[in-house]
Amino acid sequence: MPQVRIVTDSACDIDPHYLESIGVSVVPLTVRFGEETYLDNYEMRGKVFYDKLRNSQVLPRTSAPSVGQFYKVFDELTADGSGVVAILLSEVLSGTYQAAQMAASMLSDRQIAVINSKTASVGYGLIVLEANDLARQGASFGEVRATAQSMVDRLVTMYAVDTLDYLYKNGRIGRAKHFWGSMLNLKCILVLDEEGYVAGLDRVRGRSKIIPRLIELAGERIPYGSKVKLGMCHADVPGEGAKLVAAAKQKWDVVRTVETEIGAVIGIHNGPGTLALILLPVE
């Protein structure tokens, strides 16, 4: 019987083997350390990645999946008349979305929706899980597509980086900001805006102030006490991730929690110690 299938990419940072076990198809990005190549979150994830990042003499790079990879997945999943809703990494952060759009255009007679999540990591991982639940409950292609897009529009994603080194190495900040920020032990708090771009939100001095400030800033966007679905991801700081989840649960009525580690695609740019809070208000 035709149904709705969910597709995502590996940078959602939810274990791809788990996603596959619940019926979600995962198209991997690639991580490169010089001549060494790994499939993101299949062959390289978590602490293994961060240990290698800290010790590497070369700056690693990532590359998006090819049009052909998406075409193969879309073609196989829609061959029986099923529809596909692909929920992918922010268009402005990767070529992944564009590759999927091109693949979908080559199958114009099929029901394929490619959604720009305008966020990263478990921000859209949470949407993927929600959309898959809806699809498995028998929702139509149109219902799943519209609900996923609605979640994209409501999601709040903010995070803090522990060090400015990786933002500097990747050309995201200049030498002066890197020097003075490091000297003053500043921790940048960033947000993904309505178009999915990274924007500066605040700076705090010292790591101990990160969690309280993240909670405070999120409360300015989603009132305390609201019913929400919560996402948390971290870069090799599981203890602080757990503290952030506990703090969030004291402020909001949390009905679902998804916790994970930030993978290579985002970790390369932000570095170890990054901590992210994602809130999805329940309508």
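This is a short presentation on the strands, nonpolar cores, salt bridges and cysteines of one structure.

Good morning. Please keep in mind throughout that we are looking at a predicted model.

I begin with strand β6, residues 83-88. All 6 of the 6 residues of this strand are buried, so the rest of the structure largely encloses β6. Its side chains alternate in direction: G83, V85 and I87 point one way, while V84, A86 and L88 point the other way. Residues on both faces are buried.

Which strands pair with β6? One is β1, residues 4-9, which runs parallel to β6 and is joined to it by 5 bridges. Within that pairing, I6 stands opposite V85. Another partner is β7, again in the parallel sense and again over 5 bridges. There, L88 of β6 has N116 of β7 as its bridge partner. As a general point, strands of a sheet pair through backbone hydrogen bonds, in either a parallel or an antiparallel arrangement.

An antiparallel case is found elsewhere in the model. Three strands form an open sheet in the order β4-β3-β5, with antiparallel pairing. The edges are occupied by β4 (36-39) and β5 (61-63); each has a single partner strand, so one side of each is left without a neighbour in the sheet. From one strand to the next, the twist averages 25 degrees. Strand β3, residues 30-33, is joined to β5 by 3 bridges, and R32 has R61 as its bridge partner in β5.

I turn now to the nonpolar cores. The largest of them contains 54 residues, and the members that touch the most other members are I6, L19, F49, V85, I87 and V144. Helix α5, residues 122-136, supplies the largest share of this core, namely 8 residues. Two names on that list, I6 and V85, are the residues that stand opposite each other in the β1 and β6 pairing. Leaving aside residues up to four places away in sequence, F49 touches F33, M44, G263, A264, G267 and I268. There is also a second, separate core of 25 residues, which includes V204, V245, L277 and L279. In soluble globular proteins, nonpolar side chains tend to be buried together.

Let me use L230 to look at another part of the model. L230 lies in strand β11, and at 0% relative accessibility it is buried. Which residues does L230 touch, if those up to four places away in sequence are not counted? The list includes L126, V258 and I278, and also V245, L277 and L279; the latter three were named a moment ago as members of the second core. The C-alpha atom of L230 is separated from that of P281 by 8.8 Å, although these positions lie 51 residues apart along the chain.

Next, the charged side chains. The structure holds 18 salt bridges. In one of them, K47 meets D236 with an N to O distance of 3.8 Å. K47 lies in helix α2 (residues 46-55) and D236 in the loop between β11 (227-234) and α10 (238-251), so this pair ties together parts that are 189 residues apart in sequence. The two partners differ in exposure: K47 is partly exposed, at 46% relative accessible area, whereas D236 is buried, at 16%. Both belong to a network of salt bridges that links K47, D51, R54 and D236.

A further salt bridge joins R110 and D75, at 3.0 Å from N to O. R110 is in the loop between α4 (96-105) and β7 (112-116), D75 is in helix α3 (residues 67-78), and 35 residues separate them. Both are partly exposed, R110 at 26% relative accessibility and D75 at 25%.

By contrast, E216 and R213 form a salt bridge inside one helix, with their closest N and O atoms 2.9 Å apart. They are 3 residues apart in helix α9 (residues 210-221), which means that about one helical turn separates them. E216 is partly exposed, at 40% relative accessibility.

Finally, the cysteines. How many disulfides does a search of the whole structure find? The count is 0. For C12, the nearest cysteine sulfur is that of C233, at 11 Å. For C188, the nearest is again that of C233, at 17 Å. C12 is buried, at 0% relative accessibility, and C188 is buried as well, at 15%.

Thank you for your attention.

Methods. Residues numbered from 1 in each chain as written. Predicted model: local features only at pLDDT ≥ 70, side-chain atom pairs only at ≥ 80, totals over all residues. Heavy atoms only, no water. Salt bridge = Lys/Arg side-chain N within 4 Å of Asp/Glu carboxyl O. Helix = DSSP H or I, 4+ residues; strand = E, 2+ residues; numbered from the N terminus. Buried < 20%, exposed > 50% of the residue type's maximum accessible area, 1.4 Å probe, protein only. Core = buried A, V, L, I, M, F, W, Y, C linked by side-chain atoms within 4.5 Å. Contact = heavy atoms within 4.5 Å. Pairing = 2+ DSSP bridges. Axes fitted to C-alpha atoms, helices over the stretch in contact; angles between N-to-C directions. Disulfide = S-S within 2.5 Å.
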